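Hi everyone, thanks for making time this morning. Let me put the structure up, and then I'll walk you through the part I enjoyed looking at.

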Amino acid sequence: MAVVLSNVNTEAGLKKLDEYLLTRSYISGYLASKDDMSVYTALSSAPKSSYVNATRWYDHISALLRSSGVTAEGEGVKVESSASFVASTPEVADQKAAAADEDDDSDVDLFGEETEEDKKAAEEHAASAKASTKKKESGKSSVLLDVKPWDDETDMKKLEETVRSVKMEGLLWGASKLVSVGYGIKKLQIMMTIVDDLVSVDNLIEDHFDVEPANEYIQSCDIVAFNKICYLDRA
């Protein structure tokens, strides 16, 4: 059943439009369509900000028009029509889509449905933008680790060799020292510098220190300090 939006330039009409858009991004369906254009062009001006949902929708359609190159105000053309505008339900939209298949393919629809190629291109663009942002925000951090042995009989030289044997891109081991913790037991404190978007300290500990053969020497490993030392431009 079609939804009728009447007198959208009156307070009552705007209120109904605002309530209608409370749970919707578009007038009908999940993409901008000619229904949106019908209501958009019927509005004499942007809705008041108090009509939150209508304003959100109006600004979004305006942005779509601008991105499509439609920015000029025009000189004003009056099209005689009734005051009511009908938003199609999915059933009606399906009937319109079937009829549209018979139309001339040369017609250009700025708000047509996305093709598989359009969706794929949009996904690739989004992934590229996300990766670019991530790279620009990358930085280096200095991390101090506490590496504890099982007991006083653990070979601390072998323990440190085990720690330093872990090598990966973005990881650089630094200075180290043995610190007494009591009862003849010493722990290893070791510095490392990491590139943040290449090395996860939690994953490093879990994947390399909590498993064999490293756990033959290492009882536990804790992060004592974690400090950002610089930002990198990895664009």
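Of the contacts in the chain with a separation of 6 or more, 70% come from residues 24 or more positions apart. Please keep in mind that this is a predicted model. The chain has 235 residues, and 29% of them count as buried. As for the surface, the chain exposes about 15,900 Å², with carbon and sulfur atoms supplying 51% of that.

Now the elements. There are 7 helices and 6 strands, and from the N terminus on they run β-α-α-α-β-α-α-β-α-β-β-α-β.

I'd like to stay with two of those helices, α2, residues 34–42, and α3, residues 52–67. At what angle do they pack? The angle is about 105°, and the axes are 11 Å apart. An angle from 65 to 115 degrees counts as roughly perpendicular, and α2 and α3 are therefore roughly perpendicular to each other.

Who makes the contact? From α2 we have Asp36, Met37, Val39 and Tyr40, and from α3 Trp57, Tyr58, Ile61, Ser62 and Leu65. Sorted by character, the residues of this contact are 7 nonpolar, 1 polar and 1 charged.

Three of those names deserve a second look, please: Tyr40, Trp57 and Tyr58 are linked into a cluster by ring pairs. The count of aromatic pairs comes to 2. Take tyrosine 40 with tryptophan 57: the ring centres are 6.4 Å apart and the planes sit at 70°, so this pair is edge-to-face. Tyrosine 40 is in helix α2 and tryptophan 57 in helix α3, so the pair ties together parts that are 17 residues apart in sequence.

And how are the rings of tyrosine 40 and tyrosine 58 arranged? That pair is stacked, at 4.7 Å centre to centre with 25° between the planes. With tyrosine 58 in helix α3 and tyrosine 40 in helix α2, this pair ties together parts that are 18 residues apart in sequence.

Are these rings buried or exposed? Tyrosine 40 and tryptophan 57 are both buried. For tyrosine 40 the relative accessibility is 16%, and buried means under 20%. Tyrosine 58 is buried too, with a relative accessible area of 13%.

So, if you rotate the model yourselves later, start from Tyr40 on α2 and look across to Trp57 and Tyr58 on α3, all part of the contact between these helices. Thanks, and I'm happy to take questions.

Key: Residues numbered from 1 in each chain as written. Predicted model: local features only at pLDDT ≥ 70, side-chain atom pairs only at ≥ 80, totals over all residues. Heavy atoms only, no water. Axes fitted to C-alpha atoms, helices over the stretch in contact; angles between N-to-C directions. Helix = DSSP H or I, 4+ residues; strand = E, 2+ residues; numbered from the N terminus. Parallel < 35°, antiparallel > 145°, perpendicular 65-115°, else oblique. Contact = heavy atoms within 4.5 Å. Nonpolar A, V, L, I, M, F, W, Y, C, P; charged D, E, K, R; others polar. Buried < 20%, exposed > 50% of the residue type's maximum accessible area, 1.4 Å probe, protein only. Areas by Shrake-Rupley, 256 points an atom, 1.4 Å probe, with all protein chains shown as cover. Phe/Tyr/Trp six-rings, centres within 6.5 Å; stacked < 30°, edge-to-face > 60°.
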